[in-house]
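Thanks for coming. I will keep this to the helices and how they pack, with the picture up while I talk.

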Amino acid sequence: MDMDNNDLTQLGQCLAALSLEPKLGKMVIWSYILGCTKGAASMAIANSYKSPFVLPPPFLRNKADQAKVIISKGSESDPITILNALIVRDEFYKKGKKDMFYDYCKSNFINVSTIQMVADLRRNISRELTSLGFPDPLESKRTWHNCNGIRPAYLQAAVAAGLYPNIAHRTAGESNFSTMRNRKARIHISSVNSSKGQPLSGKCKAKKGEIEFVAYGEMVRGMACFTMSQTSRILSALPMILLCGELRVRPAQISDEIPTSSVLSVDDWILFLCSRESASALVVLRKRLNNIFMRMVSNPSQGLNSCTESEIDAVNTLHTVLLSCFYQQEQS
């Protein structure tokens, strides 16, 4: 909203036209730049509707958890897990094997009517986005807005951009996560990340000096502490630096000598220490990405065609560094 006259900004008008929460609408818009619109649109709808995974009686809980972990394919993300289930659903329907899909749902503790509803709602968001001038997010062709498919690196970045400031963190040895408001929280039992054997279900095993991040859809107060549902592990801090909040930079005064490092901060909450050269490059990249985002909102039918050469270079750089940092963190 424009603070001067209380009118909706172009972004506000765009988000108001979508049948999604504003933060999930931002997730979808960022996904056009990230090249993963088809997957992000499905995840946004899944986040705005109840989970298709049923919570079975206690004696079947372990079996249900194992099935969910298998469907997640190591993504450590509830939205991506639901997206994987939707992809299986689409494959069965494409082959005309609906009965086999019902068997699949039964064996994996998935509510058929719920997963069908999520699948049907994708057409609604597709119509809303195309009416605004955006390309069809569900287009199956390998177009610029779906050039990265369903690669986890880009889906995680879209989740972080959409759910922020719903981000929590913890350091080595800690069981609870801390939110921006310094609330202590744990993963809800309904999340795939609470399943036995999942990295986020126990104490943090990050290396000394490293931070473990998780994005969440909702937080509720439990008997002992807050619990987070619809969670996604964010392997790299880069999506938060480049796509979330307000980025600030200042010199890092570690000693009396002339500072050679800088501190990057996202909303004065998450702090990152890096070299001055890296900080400068990230700030410039962030400004260009913000310009591209607003250009996309103001003229969605043009897509990246209205971007300058330096802005196109910024998009390509974003794709490269996100993928590189993701796999680097995954292997560490």
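In helix H7, the buried residues are Thr114, Ile115, Gln116, Val118, Ala119, Arg122, Ile125, Ser126, Glu128 and Leu129. Keep in mind that this is a predicted model. H7 itself runs over residues 112-132. Its 21 residues reach 31 Å from the first C-alpha to the last, close to the 30 Å expected at 1.5 Å a residue. Just after H7 comes Gly133, with a positive phi of about 110°.

What lies over those buried positions? The cover of H7 includes H2, helix H3, which is 37-48, and also H5 and H6.

Take H3 first. The axes of H3 and H7 come within 9 Å, and they cross at roughly 115°. That crossing is right-handed. On the H3 side the contact uses Ser42, Ile45 and Ala46, and on the H7 side Val118, Leu121, Arg122 and Ile125. By type, that contact divides into 5 nonpolar residues, 1 polar and 1 charged. Val118, Arg122 and Ile125 of H7 are also on the buried list I started with. As a reminder, an α-helix has 3.6 residues a turn, so residues three or four places apart point the same way.

Next, H5 and H6, which also help to cover H7. H5 is residues 78-94 and H6 is residues 98-107. Their axes come within 8 Å and cross at roughly 155°. An angle over 145 degrees counts as roughly antiparallel, and H5 and H6 are therefore roughly antiparallel to each other. The crossing of H5 and H6 is right-handed. From H5, the residues that meet H6 are Ala85, Val88, Arg89, Phe92 and Tyr93. Their partners in H6 are Lys98, Met100, Phe101, Tyr102 and Tyr104. This contact divides into 8 nonpolar, no polar and 2 charged residues.

Now H2, residues 22-34. Is H2 largely enclosed or largely open? Of its 13 residues, 10 are buried, so H2 is largely enclosed by the rest of the structure. The buried ones are Leu24, Gly25, Met27, Val28, Ile29, Trp30, Ser31, Tyr32, Ile33 and Leu34. On length, 13 residues at 1.5 Å a residue should span 18 Å, and the end C-alpha atoms of H2 are 18 Å apart, which agrees. Gly35 follows just after H2 and takes a positive phi of about 75°.

H2 turns up again in the cover over H11. The buried residues of H11 are Glu311, Ala314, Val315, Leu318, His319, Leu322 and Phe326. Besides H2, what covers them includes helix H8 at 152-163, helix H9 at 238-243, and H10. H11 has 23 residues and reaches 33 Å end to end between C-alpha atoms, close to the expected 33 Å.

Last, the packing of H10 on H11. H10 is residues 276-298 and H11 is residues 309-331. They pack at an angle of about 110°, with their axes 9 Å apart. The window for roughly perpendicular is 65 to 115 degrees, and H10 and H11 are therefore roughly perpendicular to each other. H10 brings Leu285, Arg288, Leu289, Asn291, Ile292 and Arg295 to the contact. H11 brings Ser310, Glu311, Ala314, Val315, Thr317 and Leu318. The split here is 6 nonpolar, 3 polar and 3 charged. Glu311, Ala314, Val315 and Leu318 are among the buried residues of H11.

That is the set of helices I wanted to show.

Note on methods
Residues are numbered from 1 along each chain as its sequence is written. This is a predicted model: local features need pLDDT of at least 70, side-chain atom pairs count only at pLDDT 80 or more; totals for chains, interfaces and linings use all residues. Side-chain values use heavy atoms; hydrogens and water are left out. Axes are lines fitted to C-alpha atoms, for helices over the stretch in contact, and angles run from 0 to 180 degrees between N-to-C directions. Helices (H or I, at least four residues) and strands (E, at least two) are DSSP runs, numbered from the N terminus. Angles under 35 degrees count as roughly parallel, over 145 as roughly antiparallel, 65 to 115 as roughly perpendicular and the rest as oblique. Contact means heavy atoms within 4.5 Å. Ala, Val, Leu, Ile, Met, Phe, Trp, Tyr, Cys and Pro count as nonpolar, Asp, Glu, Lys and Arg as charged, and the others, Gly among them, as polar. A crossing is left-handed if the near helix is turned anticlockwise from the far one by less than a right angle, and right-handed if clockwise. The expected span of a helix is 1.5 Å times one less than its number of residues. Buried means under 20% relative accessible area, exposed over 50%, partly exposed in between (1.4 Å probe, protein chains only).
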